[in-house]
Number of protein chains: 2
Amino acid sequence: MSRLGILAGTGALPQRLAAAHPGALFVQFEGLDVPRPSNPVLTASYERFGALFEGLHAQGVTEVVFAGGLARPQLDPTRFDAKMRQLAPGFFAAMQSGDDGLLRAVIEAFLAEGFHVRGAHELLPGLTATAGVLAGPAPAQGFDADAQKGAAVVRALSAQDVGQGAVVARGAVLGVETLQGTDAMLRFVAQTDPGLHPGGGVLFKGPKAGQDLRIDMPAIGPQTLRNAAQARLSGVAIAAERVLVLERDETLQLAAELGITLAAIDA
Amino acid sequence: MSRLGILAGTGALPQRLAAAHPGALFVQFEGLDVPRPSNPVLTASYERFGALFEGLHAQGVTEVVFAGGLARPQLDPTRFDAKMRQLAPGFFAAMQSGDDGLLRAVIEAFLAEGFHVRGAHELLPGLTATAGVLAGPAPAQGFDADAQKGAAVVRALSAQDVGQGAVVARGAVLGVETLQGTDAMLRFVAQTDPGLHPGGGVLFKGPKAGQDLRIDMPAIGPQTLRNAAQARLSGVAIAAERVLVLERDETLQLAAELGITLAAIDA
């Protein structure tokens with residue numbers, strides 16, 4: 001008999017997973033502002049992976065899902081338990097090659113403890129989108145070319161573990177997502193002289209080449225659409241089947257209201 | 001007998017070229033705020049390439065250098081002369097693939113008119129730097145790794161014609177230069193939560209792979225150092241022999257004053 005553990009980050013996704021899997025154990029990490037669902041809850045700390053693994057085993061958890069935004073927390077090494085002291089050198093080394101390296105190392109640690117690691121998109125139906133226009137106006141001329149160029153930028157940077165998004169306007173790259181995330185990139189574009197992209201522009205979101213979709217799967221939501229509008233963009237393109245659309249109804253409604261083409265593309 | 005024409009953009013470089021080549025014809029474009037040197041001056045417009053070519057030929061100019069920052073001007077097609085009407089479709093098409101495409105097309109147009117196109121670094125000695133620390137403190141631990149990762153990001157994006165710079169802090173990419181330029185990227189990094197890069201970080205500047213150094217050669221100057229300090233960076237790395245160091249004395253002095261390692265690297 002398998003039980004799911006939800007390793008909860010910020011945002012709406014952990015709550016939706018908890019609601020869809022009421023028997024799942026909801027793991028709440030210290031220092032993260034995450035609402036408590038009606039599920040059973042295990043409180044944990046990044047500094048005590050030993051206690052976390054023990055707690056999960058004791059509650060019969062056999063598979064885990066990483067969901068939501070996970071900030072890079074400030075860790076206090078003096079609070080590490082024995083397991084974390086053992087894991088920390090590997091985590092630290094992995095971190096030097098970027099977020100992806102660290103996340104892969106964390107997955108490895110869970111696998112080594114005998115847990116299965118699932119992707120959120122496997123546990124919640126309808127989280128991703130098949131290719132096509134999802135909401136908003138029909139794609140403007142140049143939408144496809146700009147979306148594909150954004151995809152090419154993300155692909156080109158895959159080995160460097162930079163980010164999962166880019167903004168392109170009439171072939172000119174106006175933003176490349178970095179550690180600060182999509183919202184920060186869109187705020188940067190919003191500060192750009194509008195004369196540089198009079199025709200709008202397109203946000204592309206998609207996973208890096210070779211990215212493990214069980215963790216850090218790219219996602220968009222209502223805030224993405226609001227920020228895209230602030231940045232005077234005309235479209236948002238996501239990789240079909242490989243990007244989470246959070247709070248889907250509101251996201252699609254906002255695209256229509258704000259006049260932003262929202263489409264999933266094969267990229 | 002060859003005469004040089006200086007196609008002047010913004011910044012200090014055109015003035016320095018003019019001072020070093022007092023016989024050169026200084027081409028001042030309408031709409032650009034460029035101080036007038038003591039050289040002979042030809043006033044020109046991006047909208048009238050025919051008149052520009054004729055003026056250069058009439059004044060005996062056989063070789064040209066593009067120098068300084070060239071904004072993407074707002075052009076009025078009704079003001080185009082016959083030559084520009086002929087060139088415009090090609091320029092427009094080239095622009096779709098980014099700044100580089102446009103600049104290459106502009107070079108081609110000058111070559112087709114029989115001009116030689118020179119690089120500023122060929123005409124002013126000592127504008128670039130050989131590998132080594134130029135100013136500021138000795139490189140901190142991680143400087144080389146961050147600088148090389150920045151170089152890898154710029155290299156990876158070469159085919160996408162994105163930008164000529166990146167900011168990396170302890171292996172994490174915090175900024176990728178886009179159309180808005182280096183200063184905009186550094187302002188973006190300055191807005192980043194300092195907790196994301198407590199150890200500083202390194203700005204790398206270098207040409208894209210395959211970039212024509214006769215035009216749009218990457219450059220740093222005093223403002224780059226000031227902005228790097230605002231972004232709480234600990235180092236600035238430039239590609240040896242392939243980046244212009246403008247206002248060199250002031251730039252090096254600022255690096256020392258601000259405690260920023262300034263080094264040229266083989267990348």
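This text walks through the contact between two chains, the enclosed spaces and the salt bridges of a predicted model.

Start where the chains meet. Chain A brings 28 residues into contact with 29 residues of chain B. Together the two chains bury about 2300 Å². Carbon and sulfur atoms give 63% of that area. On the chain A side, three residues lose the most area to chain B: Gln160(A), Gln180(A) and Phe188(A). Together they make up 24% of what that side buries.

Polar links also cross this interface. Between chain A and chain B, 10 residue pairs are in polar contact, with both residues at pLDDT 80 or more. Salt bridges are absent here: the rule finds 0 across the interface. Which elements of chain A each supply at least two residues to the side that touches chain B? They are α6 (143-156), β8 and α7. The strand β8(A) gives the most, with 5 residues. By class, this side of chain A has 14 nonpolar, 11 polar and 3 charged residues.

Now look for enclosed space. The whole structure holds 3 cavities of 30 Å³ or more. The largest contains about 70 Å³ of space. Both chains line this cavity. From chain A come Gly175(A), Val176(A), Met185(A) and Phe188(A). From chain B come Gly175(B), Val176(B), Thr178(B), Met185(B) and Phe188(B). Phe188(A) thus appears twice in this account: in the cavity lining, and among the residues of chain A that lose the most area to chain B.

The elements around the largest cavity carry matching labels in the two chains. In chain A, β8 (172-176) and α7 (182-190) each supply at least two lining residues. In chain B, β8 (172-176) and α7 (182-190) do so too. The lining divides into 6 nonpolar and 3 polar residues, with no charged ones. Gly counts as polar in this division, so Gly175(A) and Gly175(B) fall in the polar class.

The second largest cavity has a volume of about 50 Å³. Its lining residues are Asp100(A), Leu103(A), Arg104(A), Gln211(A), Asp212(A) and Ile215(A). How many of them are nonpolar, polar and charged? The lining has 2 nonpolar, 1 polar and 3 charged residues. The charged ones are Asp100(A), Arg104(A) and Asp212(A).

Finish with the salt bridges. Over all chains, the structure holds 18. One joins the side chains of Arg226(A) and Glu250(A), at 2.8 Å from N to O. Arg226(A) sits in helix α8 (residues 222-230) of chain A. Glu250(A) sits in helix α9 (residues 248-258) of chain A. The two residues are 24 apart along the chain, and the pair links distant parts of it.

How values were computed:
Residues numbered from 1 in each chain as written. Chains lettered and ligands numbered in written order. Heavy atoms only, no water. 1 Å grid on protein atoms, 1.4 Å probe; cavity = no way out; pocket = protein on both sides within 12 Å on 5 of 7 lines; lining within 4 Å. Points joined across faces, edges and corners; volume = space filled by probe spheres on them. Helix = DSSP H or I, 4+ residues; strand = E, 2+ residues; numbered from the N terminus. Contact = heavy atoms within 4.5 Å. Buried area = accessible area lost by both parts, 1.4 Å probe. Salt bridge = Lys/Arg side-chain N within 4 Å of Asp/Glu carboxyl O. Polar contact = N/O pair within 3.5 Å; in protein donor to acceptor, adjacent residues only side chain to side chain.
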